[in-house]
Amino acid sequence: MNTQNKTHSPRFYWSQEDKEFIVSTCLRNWPEEVKEVLHRSNLACENTFIFTHRWDMERCTEPVSFQDEINWNYRHHDDLEWLVMLNRARYMSELGQAYWLTNEDRYVSAYIRLMKDWIRQNPLSLEELEASAGRAFNVKDTWRKLDSGIRITHWLKGYFCVRSSPLWTEEEENLFKEAVHLHGIYLNRAYTTHDRQSNWGYLETNGLFQLALLFPEFEESAEWLKTAAHRLSEMAPIQVFGDGMHNEQCTMYHHEVLHCIFESVWLSEVNGIQLPDPLRQTLDRMYTATLSFVQPDGHQPMLGDSDGTDVRDVLSRGACLYGRGDLKSQGYEHLDYEGIWYFGSDGYHRYEELIAAEPAFCSTLLEDSGYMFMRSDWSPDSKYLLFDAGHMDVIRAHGHDDLLHFSLSAYGQEFLVDPGRCTYMENEDRRYFKESLQHNTISVDGRTISEYVDSWRWKEEANPLGSVWRSSSSFDYAEAGHDGYWRLGQPVQIKRQIVFMKPDYWVVVDTLRSHGEHEYELPLHFAEGMTLTELQDPKEIIASAEQHGSCAGPSLRIIPVTPVQIRFESSWVSRNYNEKTPAVKAVLQQSGQGVTRFVTLFYPERPDEQTSLQVRYGSCEDSYGRQVDTDLATVVEIVRDDTVDTLLISHQGPKGYQFAGVHLTGEVLAVRKKSNKPLESLILKI
């Protein structure tokens, strides 16, 4: 860590001279965000708490009130996560913001009262700290490591606002610094080797880095700062893959780690300190990963233990930090509310002058994490499919049993979704949202891909196999399998292939091989508010959003090419922790022995489109002109309006095939015939 450029006293992200700009700009550009901050702060003034900030890890919209002093060990509905959210104390940051936004001292009074109450009720001795080594230094519920790292960053944000109030006296200053110092002792000591691997390590270390940098008067601060900088750097190659995705395969915790690195990197730059370049490069890659998976509506997909959070604020801050127009193109027009606090006037105007630019890629693969993303374009109405061909997660904490799952959006509407997480409590909801049966992936005999043990443990975890990715201007092709059903008495080999015929539709082919007879099901979980209609001749499922007034929404036509039984069932979608909403799913079912296939077309349509669509099996010949058996090659013809697409998938590896008027060699091939245009031959995979 280079400190040679440090020529001034420590500076926080914002200081008193920034106040007028921050307040006026937030009130002008983000009145709804201001309203939410004041609402939560007003509740905190009355000892009432809700956790509804978009980045509250475990949200709770139900107000909980305390008389007189706070019960810092209270578990609402017996959920530990409510207790830790109370002790993470985002409301302390917001009380400081509320004071600046309104100049009302009651917010300072509440900050002081809550600070004193927490300190009084939650002492920590060095003896307690050392005695907790066997619990990885998680001393007690109110003194867990990651919560303490988060708590001190929120206390600091509030402190750098309220300390300008006449209510903040020497007594409060001394008490605050004693608490900060104790947190430093704790966070410096509590770090373990496992923390290097887990998001906890970054959540702890970001807190230690900030307080060490901002309070150089502590005897230990110089050593703490060196230690924190080292930890920030040593964790980066362990926790973040080369493709920029966090190793827990979970978008929520990817962004928690990204946020911690962002805060440390930006605070160091504000203070003229140069953290190692590889750390800054890691953060840049993480922003690129976010850009890769952001949905057309600006939200993160609910991979693993993730909520469906709007991530445009993340992209906006990344654009401001790195001067990246591609991030701004998917962020906000103006710097986000929190970004204004972080970057002030200079950063705000830098963002305003930054020209938004379409990303250099559209469809893309995150190779290390195994996520594949198919897009028609970067507009809010784009067609988008996410395919999960990655491992569960490195530490088996926040990953779900979702191998080969796919989600699908089009024309501003989510159709097929990952159902989310709902809870961390050990109950049936936890199991429901984690198991493979609640994801859009093949099940065998009603069995899950991996075996659920409890909220944080699996056994017989499946591994991905044979991942393939190809992308061009005309198509995207993805392929993967897994070994989850090899454990059965009659093992099953599974392979999923997805073809995106740009920019219009997808064909999904699931091939199942086994010597034994099995029941196979393909569940399709729809976003809440969808209506499903089954047509019989020809067989087709139409998924449409509920109509609001006279405005009809887009629809998704699902055409099973192979004969299947279809049933509709109820399901759940959880957009946020502590929430679940009724939804529906369609289940495509068939039994088979030997080779069994599901071939399914997914065709999104706008409300004003009524595409003439026919889907049927075709035939092909080998290089000698001999008819090829359907077990050796699947040929599907998709006829729509003035276009005929013929897709061939070989089940015997790459071969020469004659079909649709062409002779091509490969394993996955396609031909597009369009009126008044030359025939287009496509080799998707050799």
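In this predicted model, helix H8 (residues 170–190) makes a handy ruler check. At 1.5 Å a residue, its 21 residues should span 30 Å, and the C-alpha atoms at its two ends do sit 30 Å apart, so expectation and model agree. A good part of H8 is tucked away from solvent: Glu172, Glu173, Phe176, Ala179, Val180, His183, Gly184, Tyr186, Leu187 and Ala190 are buried. The cover over these buried residues includes helices H5 (106–121), H6 (126–131) and H7 (145–162), along with H9 (199–214) and H10 (221–239).

Two of those covering helices, H7 and H9, turn up again around the largest pocket, where H7, H9 and helix H3 (80–88) each supply at least two residues of the lining. H3 gives the largest share, with 3 residues. The volume of this pocket comes to about 530 Å³. Its lining counts 28 residues, and those nearest the centre are Arg144, Trp200, Ala397, His398 and Trp456.

Further along the chain comes a sheet. It is an open one of 5 strands, paired in the antiparallel sense and ordered S3-S4-S5-S6-S7. Strand S3 (364–366) and strand S7 (413–416) form the edges, each pairing on one side only. From one strand to the next, the twist averages 15°. Helix H12 (residues 277–293) packs on this sheet and touches S3, strand S4 (371–375) and strand S5 (384–388), with its direction at about 50° to that of S4. Over at the S7 edge, strand S6 (residues 406–410) and S7 are held in antiparallel pairing by 3 bridges. In one of them, leucine 408 has leucine 416 of S7 as its bridge partner.

Strand S19 (residues 581–605) is a different story to follow, with several strands pairing onto it. Most of S19 is covered, 18 of its 25 residues being buried. Strand S14 (residues 505–525) runs antiparallel to S19 and is joined to it by 17 bridges; here histidine 525 stands opposite lysine 585 of S19. Strand S18 (residues 565–573) is also antiparallel to S19, through 9 bridges, and isoleucine 566 faces leucine 588 of S19 across the pairing. Strand S17 (residues 555–560) pairs with S19 too, in the antiparallel sense and over 6 bridges. In that case serine 555 stands opposite glutamate 605 of S19.

How values were computed. Residues are numbered from 1 along each chain as its sequence is written. This is a predicted model: local features need pLDDT of at least 70, side-chain atom pairs count only at pLDDT 80 or more; totals for chains, interfaces and linings use all residues. Side-chain values use heavy atoms; hydrogens and water are left out. Helices (H or I, at least four residues) and strands (E, at least two) are DSSP runs, numbered from the N terminus. The expected span of a helix is 1.5 Å times one less than its number of residues. Buried means under 20% relative accessible area, exposed over 50%, partly exposed in between (1.4 Å probe, protein chains only). Contact means heavy atoms within 4.5 Å. Two strands pair if DSSP finds at least two bridges between them. Axes are lines fitted to C-alpha atoms, for helices over the stretch in contact, and angles run from 0 to 180 degrees between N-to-C directions. On a 1 Å grid over the protein atoms alone, a cavity is a set of points where a 1.4 Å probe fits but cannot get out, and a pocket is an open set with protein on both sides within 12 Å along at least five of seven lines; lining residues have an atom within 4 Å of a point. Grid points are joined across faces, edges and corners, and a volume is the space filled by probe spheres set on the points.
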